[in-house]
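Dear colleague,

I am passing on the structure below, together with some notes on what I found when going through it. Please read the notes with the coordinates open beside them.

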Amino acid sequence: MSEKRGEKNFSLKFTEAVSKIAGNRLLLTLRDSFVLVASLTLLAGFTVMISSVFLDPAGIIFGESGLNLGKLICGSTEAFQASALNGVLLKGQELCNAFTKGSMSINALLVVVIFAYTLSKHYFRKNKEHMNSVLYATAAFFICLPWSFVTEVNGTNVQIDGIVNSNFLGQQGIFAGLIISGIAVVLYNKLSEKNITIKMPSSVPPAVARSFESLVPGLLTLLVFIIATAVCNTFTHTSLPELFLSLLQKPAMAISKTAAFALVSQITWPLFQWFGIHPSSIWSPIFGMTWDIAGNENVLGTAHHLYTTMFMNYSTIAAGTFALAPVLAILIFSKAKASKKVTKIALAPAIFNISEPITFGLPIILNPIYLVPFVLVQPICFYIAVFFTKIGFIAPICNNVPWTVPPVLSGLLYSGSIQGALVQLINLVVAIVIYIPFVRIADKMELKKHEE
């Protein structure tokens with residue numbers, strides 16, 4: 001009895017501690033911001049996946065290393081390369097890749113706008129016009145951006161003046177964008193609360209009055225960033241975003257590339273879930289500033305990172321380890337009628353990697369029998385995929401696919417290869433095998449209950 005009481009106390013204390021972290025307003029603000037921005041980057045990633053998997057003349061559908069439909073349709077590889085079909089495919093790729101220009105290429109700018117608005121709503125609810133926070137945060141971001149930089153043109157370094165370095169509108173500017181927009185929103189709203197404003201007569205329309213009321217706090221806010229930019233340029237000979245990149249983003253990205261970071265994330269993700277705490281509430285803000293950036297660089301083709309949020313989704317969640325594996329293990333190997341009824345209901349959602357019907361319906365959540373497989377399956381399957389990537393069987397994941405695409409099919413789309421689908425199938429089988437002994441233990445305990 002004392003052991004059970006101790007386990008219950010630990011469970012309650014652990015849940016309470018993690019719930020406090022998950023309920024932190026800043027983490028919630030970061031999470032909500034990245035979730036909103038992710039919808040657009042996911043769309044761009046999906047179109048890049050279509051471009052690289054289905055439209056690439058040298059890819060899995062039309063290329064010699066794949067189904068080779070180009071040669072089959074046109075008679076020879078040379079004829080296909082010179083054909084109108086090849087031109088149509090290249091034009092389709094060009095149109096698909098245009099999505100990245102309106103999303104990933106301006107990801108930092110999108111983060112600035114969304115984060116400023118969300119932060120203002122969460123922390124300054126008395127603010128009558130949250131868009132003013134967005135306005136001054138965006139202006140502050142552009143004040144701080146490097147408007148003079150050196151680039152290579154035809155093998156020669158050329159100094160560019162009066163044009164913003166567009167690299168910092170994308171992945172390189174996310175850290176700086178978060179810090180600058182956060183400070184700008186707090187400064188603007190704190191100054192507004194001091195009533196240092198231009199009061200307009202009641203006859204003036206409310207929208208116009210609010211614009212004038214924002215002038216003085218907005219001016220003081222932007223003045224702070226103008227001075228900070230001048231000081232930074234004078235003493236460090238670099239811009240604030242470049243300074244933040246070297247001091248904050250690069251170290252954070254370096255840590256996120258380590259095996260230790262990956263291991264901690266993959267063990268704690270299912271552990272939080274088992275305690276009934278959605279892991280994304282903890283990890284989404286962290287991944288948003290690390291693995292999401294790495295994944296976007298993979299999609300853009302500027303890098304080939306191993307550890308990314310896409311890779312985690314590919315190797316675990318989209319591989320069915322959370323949902324389909326326990327459902328199939330119970331459906332095939334369990335003899336308990338109650339469990340089988342739950343899995344029959346949970347099967348359809350599980351095919352699309354929706355785990356709630358099985359995790360809450362069986363339940364797996366806070367069920368000591370399923371603690372071990374539920375926590376172990378994710379890191380094991382994650383590192384199986386790491387192994388196959390490191391030996392060159394599959395390439396680093398560069399396609400962003402919705403996590404609700406069924407296992408194996410999503411493996412094909414994520415990787416753009418049959419090998420990727422095969423690795424996902426291996427992970428699904430391994431996950432089912434890990435669950436089998438625990439399903440049988442659960443059956444024995446259920447039988448014992450009925451006998452008693």
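**Buried positions in two helices**

Q273 is found in helix α12 of what is, I should say at once, a predicted model. With a relative accessibility of 7%, which is under the 20% cut-off, Q273 counts as buried. Leaving aside residues up to four places away in sequence, Q273 touches H278, P279, F322, S355, I365 and F374.

The place of S280 is in helix α13, which covers residues 280–288, and S280 also counts as buried, at 18% relative accessibility. Its contacts, again not counting residues up to four places away in sequence, are R31, W269 and P285. S280 and V35 are 245 residues apart in sequence, yet their C-alpha atoms are 9.9 Å apart in space.

**The chain as a whole**

The secondary structure of the chain comes to 21 helices and 2 strands, and the C-alpha atoms fill a box of roughly 80 × 75 × 45 Å along the principal axes. Of the 452 residues, 49% count as buried, and among contacts with a separation of 6 or more, 70% are between residues 24 or more positions apart. The accessible surface is about 22200 Å², with 68% of it belonging to carbon and sulfur atoms. As for charge, the chain has 30 positive and 21 negative side chains, and the centres of the two sets lie 11 Å apart.

**Helix α11 and the loop before it**

Helix α11 runs over residues 240–256, and its 17 residues reach 23 Å from the first C-alpha to the last, close to the 24 Å expected at 1.5 Å a residue. There is nevertheless a bend of about 40° at S246. The buried residues of α11 are L240, P241, F244, L245, Q249, A252, M253 and S256, and what covers them includes α7 (130–144), α8 (174–193), α10 (215–236), α12 (259–274) and α14 (291–300).

In the loop between α10 and α11 lies H237, a residue other than glycine whose phi is nevertheless positive, near 55°. H237 is exposed, with a relative accessible area of 69%.

**Helix α17 and what follows**

Helix α17 spans residues 337–351, and its 15 residues reach 21 Å between the first and last C-alpha, close to the 21 Å expected at 1.5 Å a residue. A kink of about 35° lies at I345, shortly before the proline P349. The buried residues in α17 are S339, T343, A346 and A350. An α-helix has 3.6 residues a turn, so residues three or four places apart point the same way. The cover over the buried residues of α17 includes α16 (324–333) and α18 (356–361).

Just after α17 comes N353, which lies in the loop between α17 and α18 and has a positive phi of about 65° although it is not a glycine. Is N353 buried or exposed? N353 is buried, with a relative accessible area of 3%, whereas H237, the other residue described here with a positive phi, is exposed at 69%.

One further backbone feature may be worth a look when you go through the loops. A cis peptide bond joins L362 and P363, with omega at about -5°, and P363 is found in the loop between α18 and α19 (368–390).

With best wishes

Terms used:
Residues numbered from 1 in each chain as written. Heavy atoms only, no water. Helix = DSSP H or I, 4+ residues; strand = E, 2+ residues; numbered from the N terminus. Buried < 20%, exposed > 50% of the residue type's maximum accessible area, 1.4 Å probe, protein only. Contact = heavy atoms within 4.5 Å. Areas by Shrake-Rupley, 256 points an atom, 1.4 Å probe, with all protein chains shown as cover. Lys, Arg positive; Asp, Glu negative; His and termini not counted. Charge placed at Lys NZ, Arg CZ, Asp CG, Glu CD. Expected span 1.5 Å × (residues − 1). Bend = angle between axes of the 7 residues up to and from the residue.
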